Amino acid sequence: MPDWRDAALLEAQAFYSTPYEDDHGEPVLRVWNVAGSEYIRLLYADNTEFILDRRGTQIWVTWPQSQTLEDAATYLLGPVLGLVLRLRGVTCLHASAVVLGERAIALVGASGAGKSTTAAAFAGAGYQVLADDIVALDEVADRFWVRPAYPRVRLWPSSVEALFGSEDALPLMTPTWDKRYLDLAESRVGFQRQPVTLAAIYVLDERSSNPAAPFVESLPDNQKLVTLVANTYANYLLEKPMRAAEFGSLGRLCRQIPLRKITPHADPKFIPKLCQSIVEDVQNLPRPLMRFARSVENEAENQSASLEQLCIA
């Protein structure tokens with residue numbers, strides 16, 4: 001931690017607490033402005049603490065003896081680097097992303113809707129995964145590109161059992177968490193390491209026992225923007241100018257990228273059919289003009305700094 005931390009915390013101002021609480025009634029996460037809002041302090045309920053500068057260029061972390069390096073890394077690779085991207089002005093969806101052909105799709109939805117489970121199912125079917133949990137978007141020459149994140153998909157035990165037959169089929173993320181992970185670096189198809197243009201966003205709706213499920217519908221125009229706003233990452237931590245810029249980016253995203261609603265079947269055995277329904281739907285989407293594809297791709301690659309690269313830095 002920086003040597004000015006203790007003195008700065010005397011005047012730190014709390015500005016956010018999660019509505020979710022741990023077993024002791026404490027907010028899962030509390031956030032402060034520090035040193036006149038030059039820094040942000042994140043304190044998790046297990047007393048793992050991060051301090052970030054507002055430019056997203058420096059991160060300090062400390063954790064209690066009851067936690068492990070893997071526990072701290074789980075926060076770092078998820079919400080902390082997601083916040084760093086937001087501080088750098090990158091629009092991020094709370095989503096997973098998969099490559100279908102030469103284009104990418106993003107899967108958004110409420111917590112527990114099946115974003116990571118569907119991404120893992122696509123990986124099992126031979127498709128490359130771009131990102132899980134946080135999908136960072138670059139807007140280059142009127143097109144949106146998805147940045148690669150890091151080669152893991154995080155799964156709850158029930159999802160591991162549904163996809164692989166047993167909760168123990170995949171390793172634990174850390175010794176103290178229930179979640180497990182699919183290592184894309186060691187999988188048959190693996191991880192997409194270059195940016196890919198975004199073809200569509202699929203909103204995972206509530207599961208249904210309707211025999212017709214899974215089925216895909218167009219999302220009504222009057223629901224598109226509010227749906228994207230609800231599925232951006234860590235927007236509650238942004239200052240007003242950044243939120244305004246985000247609205248502009250999301251508006252262009254609504255106009256350029258099809259938003260589709262997909263209703264999964266309640267029975268996990270229909271997950272492969274869910275993936276196939278998305279593949280067939282993407283094949284019927286209009287393809288963008290490719291006139292500037294090569295130059296745009298080069299520019300996107302130059303601008304891209306993946307979460308993996310951020311970690312290395």
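Student: What makes Glu217 and Lys261 a salt bridge?

Tutor: This is a predicted model, and in it the side chains of Glu217 and Lys261 come to 3.9 Å, N to O. A salt bridge needs that nitrogen within 4 Å of a carboxyl oxygen, so the pair qualifies. Glu217 lies in strand 14 and Lys261 in strand 15, and the two are 44 residues apart, linking distant parts of the chain.

Student: Why is Lys261 called partly exposed?

Tutor: Its relative accessible area is 24%. Buried means under 20% and exposed means over 50%, so Lys261 falls in between. Glu217, at 33%, is partly exposed by the same reasoning.

Student: How do you know that Arg41 is buried?

Tutor: Arg41 has 11% relative accessibility, which is under 20%, so it counts as buried. Arg41 forms a salt bridge with Glu49, with the closest N and O atoms 2.9 Å apart. Glu49 is buried too, at 5%. Salt bridges that share partners also join Arg5, Asp6, Arg41 and Glu49 into one network.

Student: What makes Arg55 exposed and Asp53 buried?

Tutor: Arg55 reaches 60%, over the 50% mark, so it is exposed. Asp53 has 4%, under 20%, so it is buried. Their closest N and O atoms are 3.6 Å apart, and they form a salt bridge.

Student: Why does Arg154 have no salt bridge?

Tutor: The nearest side chain of opposite charge, Asp133, is 5.1 Å away. A salt bridge has to be within 4 Å, so this pair does not count. Arg154 is nevertheless buried, and its contacts include Asp132, Lys179 and Arg180.

Technical notes:
Residues numbered from 1 in each chain as written. Predicted model: local features only at pLDDT ≥ 70, side-chain atom pairs only at ≥ 80, totals over all residues. Heavy atoms only, no water. Buried < 20%, exposed > 50% of the residue type's maximum accessible area, 1.4 Å probe, protein only. Lys, Arg positive; Asp, Glu negative; His and termini not counted. Contact = heavy atoms within 4.5 Å. Helix = DSSP H or I, 4+ residues; strand = E, 2+ residues; numbered from the N terminus. Lists of a residue's contacts leave out its neighbours within four places in sequence.
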